[in-house]
Amino acid sequence: MDNNMRQLIETIQQSDGGHILYCFNELEAYVENEATFIIAGVEQGDHILIVENDRIFPLVYKKLQLHLNEEQLEKVHLINNFDFYCFHGDFHPSTMVNYFLENIDTYSKRNQLVRTWGHVEWGHDDQVSVAIGEYEKGIDKLIKERGLISVCAYDDCRVPSELKANLIKHHGVLVTDEKITILANG
């Protein structure tokens, strides 16, 4: 799948950005795709903002170290996903969109391109599904305005069907461990 991910990124680079929904089942494929996304971006000279958990990122980083030198690794910026998505104590959509904007503006002000990969996780609160849908709607608008390349990753077994349908509405591409699908709004 990592070659498919690389081809997808190359296609998106030639357009005005893209909002990618990645619903994964296999951790190994997920780690490989995240590493491919990061490496492809760094090779293009972009900074990569990674919002990931402390359990998965060390696995990704091992792969990055095989392909990137120290200078390139400095373009990879990690934020713990719990800290990012619960920055103000809850998953409030407008707060999260503004926090996302603050983080990418750090690079924009220096005329540096930035790509993002966000692994969205939450606790056992069923109300979060509605908030996530609103957050993704706001992020989608921002990504289109800024021409960003952004992946929003979800563990497929944790995404209820109603939320998944909502996520599909606000992304241009759906990626699974096996395939890539260009969505109607892509």
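Student: Why is Asn111 called exposed?

Tutor: Good place to start! Asn111 has 72% relative accessibility, and exposed means over 50%, so Asn111 counts as exposed. Please keep in mind that this is a predicted model.

Student: Where is Asn111 along the chain?

Tutor: Asn111 sits in the loop that runs between helix H6 (93–108) and strand E4 (114–119).

Student: What is the phi value of Asn111?

Tutor: Phi of Asn111 is near 55°, which is a positive value in a residue other than glycine.

Student: Let's turn to burial. Why is Ile20 called buried?

Tutor: The cut-off for buried is under 20% relative accessible area. Ile20 has 0% relative accessibility, so Ile20 counts as buried. You will find Ile20 in strand E1.

Student: Which residues does Ile20 touch, leaving out those up to four places away in sequence?

Tutor: With those left out, Ile20 touches Leu8, Ile12, Ile149, Ser150, Val151, Cys152, His171, Val173 and Val175. Take Val173: Ile20 and Val173 are 153 residues apart along the chain, yet their C-alpha atoms are separated by 4.8 Å.

Student: How do you know that Cys23 is buried?

Tutor: Try the cut-off again. Cys23 has a relative accessible area of 1%, and buried means under 20%, so Cys23 is buried. Cys23 belongs to strand E1 (residues 18–24). Not counting residues up to four places away in sequence, its contacts include Tyr154, Lys164 and Val175.

Student: How far is Cys23 from Ser108 in space?

Tutor: From C-alpha to C-alpha, Cys23 and Ser108 are 28 Å apart, and in sequence they are 85 residues apart.

Student: What makes Asn80 count as buried or exposed?

Tutor: Asn80 has a relative accessible area of 16%. The cut-off for buried is under 20%, so Asn80 is buried. Asn80 lies in strand E3 (residues 76–80). If residues up to four places away in sequence are not counted, Asn80 touches Val51, Glu52 and Asp54.

Student: And how do you know that Asp140 is buried?

Tutor: The relative accessible area of Asp140 is 8%; buried means under 20%, so Asp140 is buried too. Asp140 is part of helix H7 (residues 128–146). Apart from neighbours within four places in sequence, Asp140 is in contact with His19 and His170.

Student: How much of the whole chain counts as buried?

Tutor: Of the 186 residues of the protein chain, 50% count as buried.

Student: How do you know that the radius of gyration agrees with a compact globule?

Tutor: Set the two values side by side. A compact globule with 186 residues would have a radius of gyration near 16 Å, and the protein chain has 15 Å, so the value agrees. The C-alpha trace spans about 45 × 35 × 35 Å along its principal axes.

Student: What share of the contacts with a separation of 6 or more comes from residues 24 or more positions apart?

Tutor: Residues 24 or more positions apart account for 78% of those contacts in the protein chain.

Student: How many helices and strands does the protein chain have?

Tutor: The protein chain has eight helices and seven strands.

Student: Which residues do ring pairs link into a cluster?

Tutor: Tyr22, Phe24, Tyr30, Phe37 and Trp117 are linked into a cluster by ring pairs. Rings pair if their centres lie within 6.5 Å, and a search of the whole structure finds eight aromatic pairs.

Notes: Residues are numbered from 1 along each chain as its sequence is written. This is a predicted model: local features need pLDDT of at least 70, side-chain atom pairs count only at pLDDT 80 or more; totals for chains, interfaces and linings use all residues. Side-chain values use heavy atoms; hydrogens and water are left out. Helices (H or I, at least four residues) and strands (E, at least two) are DSSP runs, numbered from the N terminus. The radius of gyration is taken over C-alpha atoms; the globule rule is 2.2 Å times the number of residues to the power 0.38. Buried means under 20% relative accessible area, exposed over 50%, partly exposed in between (1.4 Å probe, protein chains only). Contact means heavy atoms within 4.5 Å. Rings of Phe, Tyr and Trp (its six-membered ring) pair if their centres lie within 6.5 Å; planes under 30 degrees apart count as stacked, over 60 as edge-to-face and the rest as tilted.
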